[in-house]
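Take a walk through this structure, one region at a time. Keep the sequence beside you as you read.

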Amino acid sequence: MLGPQLAVGSRLHTRTMSLLKSFAALLLVLSHVTSIAVQATPMTAVLDSMVTLPIAKRFNFTGSSKMLQRDQARARSLRERAMAQATGAPPPSSEVGNISIHNQLVTYTAFVNIGTPPTPYNLIVDTGSANTWVGANQAYVTTSSSRDTGNDVAIDYGYGESMSGVEVTDTLELSPGLVVNGQSIGVSALSSDFAPYDGVLGLGPVDLSIGSLTPDSSAQVATVTQNLYSQGAIAAEVVSMSFEPSTESTSGELTFGGVDPTKFTGQMSYAEITDYFPASRYFGVNQAVTYTRSETLLSYNPGVFDVGTTLVLLATDAFEKYMNMVGGVFDEGTGLYRITPAQYANLQSMFFTINELVCEFTANAQIWPRYLNGMIGGSSEYVYLIVADIGWPSGSGMDIINGMMFMERFYAVFDTGNNRVGVAYTQFTENTSN
């Protein structure tokens, strides 16, 4: 009988050979290793504990003029994936051509160690999906802690991006000495548009993982956050995110198990996940949006906090009203809307009201960092807006995407245990670095 490690390698080899015939591509095959019985050290419950994982900001200026197209494709993918999962319909097809929805202009990544002994993997941080997987760039290394689940895994992110392979469990280390035992991990035999990164660290609601496994298609795949909590390593099923605006600094932080009071200021406001579908499938909350405090753009509409989106997207009717007040024009070179320095001098704050907190999105927050204008094909003579059209009218059930450019100004808390999102001001909310 094959040992558990050999079984993983054997199944992945079989899966890979099958995909070779289907896709005529060169695929990676797991190494076969000898089975070694290892007794994992149990996690010790530490109440009120939190785990911090550094995240890095990666810039990719290839094809930057497609930034808006890419974010709109991501928004459509979020909407259509939720509908496909709810109805059992096929996932969205690649109708927008070769536009990668993960390979965005600014990507946050985190290094995690997997296996015994550990191998480091550089993973895209994604709040719009729940599965964690590796193998897109660096091949998965089977070790003594690898265990075959007997399931295949396939994740279709929409618009041409997908992965398929086998599902294993393995140890996953977030920081020295802190190991998640038996984390379910996808091992890619075939993936598209994720290199140079090794895969995805899925931090979204766990229901997003339903349907990703075969034959156990009805199973949820527990997230890293869930497993940390169930194993007693953290005190709450929470992950918080701290970012910085797009300066030359590349620092950011994920905090598992609670909130870091040194990373935010003032009141932390929590909003329950919206009832409006499809935003309800993600970290979606109802929001009121105004330009200045008096010009209403959206009154009480569902919006999704998504680290996989770069820009801030508004429903078409809201965006058009915003643009009429701002006076921007579309710039073919960058794919963004632009204003003149004189118009920027008159640009006013936007306000996003989330539960009891009024989040001021300053004029400086609404623009692309000017020192990076040349990197996106822009000119120093203009100022480029990061508020854009989502691509459909309000009333769709997902009228706002609070992308990374929004989240870099606020502290965000994804409390899956209580089905809510928290938001607070930070020292960067009124930053003028752009």
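A salt bridge is a side-chain nitrogen of Lys or Arg within 4 Å of a carboxyl oxygen of Asp or Glu. R338 and D331 fit that description: their closest N and O atoms are 2.6 Å apart. D331 counts as buried because its relative accessibility is 8%, and buried means under 20%. Bear in mind that this is a predicted model.

How many salt bridges does the structure hold? There are five. Two of them share R74. In one, the side chain of R74 meets that of D126, at 2.7 Å from N to O. This pair links distant parts of the chain. D126 lies in strand β3, residues 119–126. R74 lies in helix α2, residues 67–87. The two are 52 residues apart. Are they buried or exposed? Both D126 and R74 are buried.

The other bridge joins R74 to D306, again through their side chains, at 2.7 Å from N to O. Here 232 residues separate the partners. D306 sits in the loop between β14 (295–305) and β15 (312–314), while R74 belongs to helix α2. D306 is buried, as is R74. Put the pieces together, and R74, D126 and D306 are linked in a network of salt bridges.

Now move to helix α4, which spans residues 316–326. Its buried residues are T316, A318, F319, Y322, M323 and V326. Where do they fall around the helix? Seen down the axis of α4, they lie within an arc of 160°, so they line one face of the helix. A general rule helps here. An α-helix has 3.6 residues a turn, so residues three or four places apart point the same way. Just after α4 comes G327, which takes a positive phi of about 85°.

Next, a sheet. Three strands form an open sheet in the order β16-β17-β20, and the pairing is antiparallel. Which strands stand at the edges? They are β16 (329–330) and β20 (383–385). Each has a single partner strand, so one side of each is left without a neighbour in the sheet. Strands of a sheet pair through backbone hydrogen bonds, either parallel or antiparallel. Strand β17 covers residues 337–339, and three bridges join it to β20. Within this pairing, I339 stands opposite V383 in β20.

Another antiparallel pair is β10 and β11. Strand β10 takes in residues 238–242, and four bridges join it to β11. One partnership to look for is M241 with L254, the latter in β11. Strand β11 itself runs over residues 251–256. Five of its six residues are buried, so β11 is largely enclosed by the rest of the structure.

Finish at Q287, placed in strand β13, residues 284–291. Why does Q287 count as buried? Its relative accessible area is 0%, and the cut-off for buried is under 20%. The side chain of Q287 has a polar partner: a contact of 2.7 Å joins it to the side chain of N402. What else does Q287 touch? Leaving aside its neighbours within four places in sequence, Q287 is in contact with L298, S299, Y300, N301, G303, V304, F305, F352, T353, I354, I400 and N402.

Technical notes:
Residues are numbered from 1 along each chain as its sequence is written. This is a predicted model: local features need pLDDT of at least 70, side-chain atom pairs count only at pLDDT 80 or more; totals for chains, interfaces and linings use all residues. Side-chain values use heavy atoms; hydrogens and water are left out. Buried means under 20% relative accessible area, exposed over 50%, partly exposed in between (1.4 Å probe, protein chains only). The arc is that of the directions from the helix axis to the C-beta atoms. Two strands pair if DSSP finds at least two bridges between them. A polar contact is a pair of N or O atoms within 3.5 Å; within protein, one must be able to donate a hydrogen and the other to accept it, and residues adjacent in sequence count only if both atoms are side-chain atoms. Contact means heavy atoms within 4.5 Å.
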